Amino acid sequence: MRRIPTRTACLTAAALLATLAGTPGPATARELPDSYVVSRAPGVLPEGIAVARDGTMYVSSDGTGALYRGHVSRPELRPFPADGLRDRPSSLGVHTDRQGRVLSVGGATLTVHDRHGRLLATRTARSGPLGAPDLNDLVVTRDAVYVTDWANPVVHRAEIRGGTLGPLEPWLDIRGAFPQFPAQYWLLNGIVANASGTALLVASNGTEAVWRIGTADKEVDRVDLGEASFGPDGMVLHGRTLYAVLNYGAPHGVYIARLDDDLRTGTVTHRLTGEPFDLPTTLARYGCRLYVVNSQLDEPPGRPPYTVSAIDDPTCGTS
């Protein structure tokens, strides 16, 4: 989940659950940290984030390819001992499923690890119309994993059938939705899906828009949010509420929109900008809090410590 100014299985016998963790558990009653230290080592540049159902937090590193793990109750994360990432210099999108497995993407690869860091599956994307892939973010539905490609205007897909994760293949060249726009500037970022898996929302920094894709017919339409510019980086979709991190074309921060039932139109209801963010790239939602990654990607290698900021979800109880 990059931004323009900086860098403009078969599974084991256990099946890959076909949906991401659903509604997160409630936040604990005791006071939780407002800030989490991902790492104090130079050059980490945190990028993606996921919070599992039990409050376990995973953060990816654009700078080194490593993954970090912690818990929402504790202010410090530690390196997650994930096998098979040594040759991946950058890790971006990261998500968990209901079994606690960790799915992440970076470079040309999608990996699946168990909660202990054991590698369960690796899938490699093919080159696209503009060259080598640069996988950015992912979402899991009942029957597939969908992955965005920052370097190509392509959404990749790996089918899930009978517990088997198929090859990661080009699924949709999104250029047809806006053919007059230069192919190299689509810059696909975050991706989310509705609960049924019938619709995807894909963020494009380059077009400064969110695009709705029907998974059955591959129909692509721009989501009408009534904004002159709304090109998010990372996103979270909870019911009809879209949480999006903007860091290009608008003040940096978290923007929240209420969408219609079909996810085609919506209204931006909240803009949370300024402090405590430091070039935010994406976010996770857990309970009534939003966990926002401070990447420092605008000034690599940044200055340690690298952090995640926790803020209250202003829609809690209403979305």
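Visitor: Is Phe178 buried, partly exposed or exposed?
Guide: This is a predicted model, where local features need pLDDT of at least 70, side-chain atom pairs count only at pLDDT 80 or more, and totals for chains, interfaces and linings use all residues. Buried means under 20% relative accessible area, exposed over 50% and partly exposed in between, using a 1.4 Å probe and protein chains only. Phe178 has a relative accessible area of 22%, so the label is partly exposed.

Visitor: How are the rings of Phe178 and Phe181 arranged?
Guide: Rings of Phe, Tyr and Trp (its six-membered ring) pair if their centres lie within 6.5 Å; planes under 30 degrees apart count as stacked, over 60 as edge-to-face and the rest as tilted. Here the centres are 5.3 Å apart and the planes sit at 25°, so the Phe178 and Phe181 pair is stacked.  Phe181 has 18% relative accessibility and counts as buried. So the arrangement you asked about is stacked.

Visitor: And what kind of pair do Phe178 and Trp211 make?
Guide: Their ring centres are 6.3 Å apart with planes at 35°. Phe178 is in the loop between β13 (164-173) and β14 (188-193), while Trp211 is in strand β16 (residues 209-214), 33 residues apart; strands are DSSP runs (E, at least two residues), numbered from the N terminus. With that plane angle, the pair is tilted.

Visitor: Which residues do ring pairs link into a cluster with Phe178?
Guide: Trp211, with a relative accessible area of 4%, is buried. Ring pairs join the cluster together, and its members are Phe178, Phe181, Trp186 and Trp211.

Visitor: Which cysteines does the disulfide join?
Guide: A disulfide is a pair of cysteine sulfur atoms within 2.5 Å, and a search of the whole structure turns up 1. Its S to S distance is 1.8 Å. One cysteine lies in the loop between β22 (280-286) and β23 (289-294) and the other in the segment after β24 (306-312), so parts 28 residues apart in sequence get tied together. The two are Cys288 and Cys316.

Visitor: Which element gives the largest share of the largest nonpolar core?
Guide: A nonpolar core is a set of buried Ala, Val, Leu, Ile, Met, Phe, Trp, Tyr and Cys residues joined through side-chain atoms within 4.5 Å. The largest has 21 residues, and Tyr36, Ile49, Met57, Tyr291 and Val308 have the most contacts inside it. Residues are numbered from 1 along each chain as its sequence is written, and side-chain values use heavy atoms, with hydrogens and water left out. The largest share, 3 residues, comes from β24.

Notes
Helices (H or I, at least four residues) and strands (E, at least two) are DSSP runs, numbered from the N terminus.
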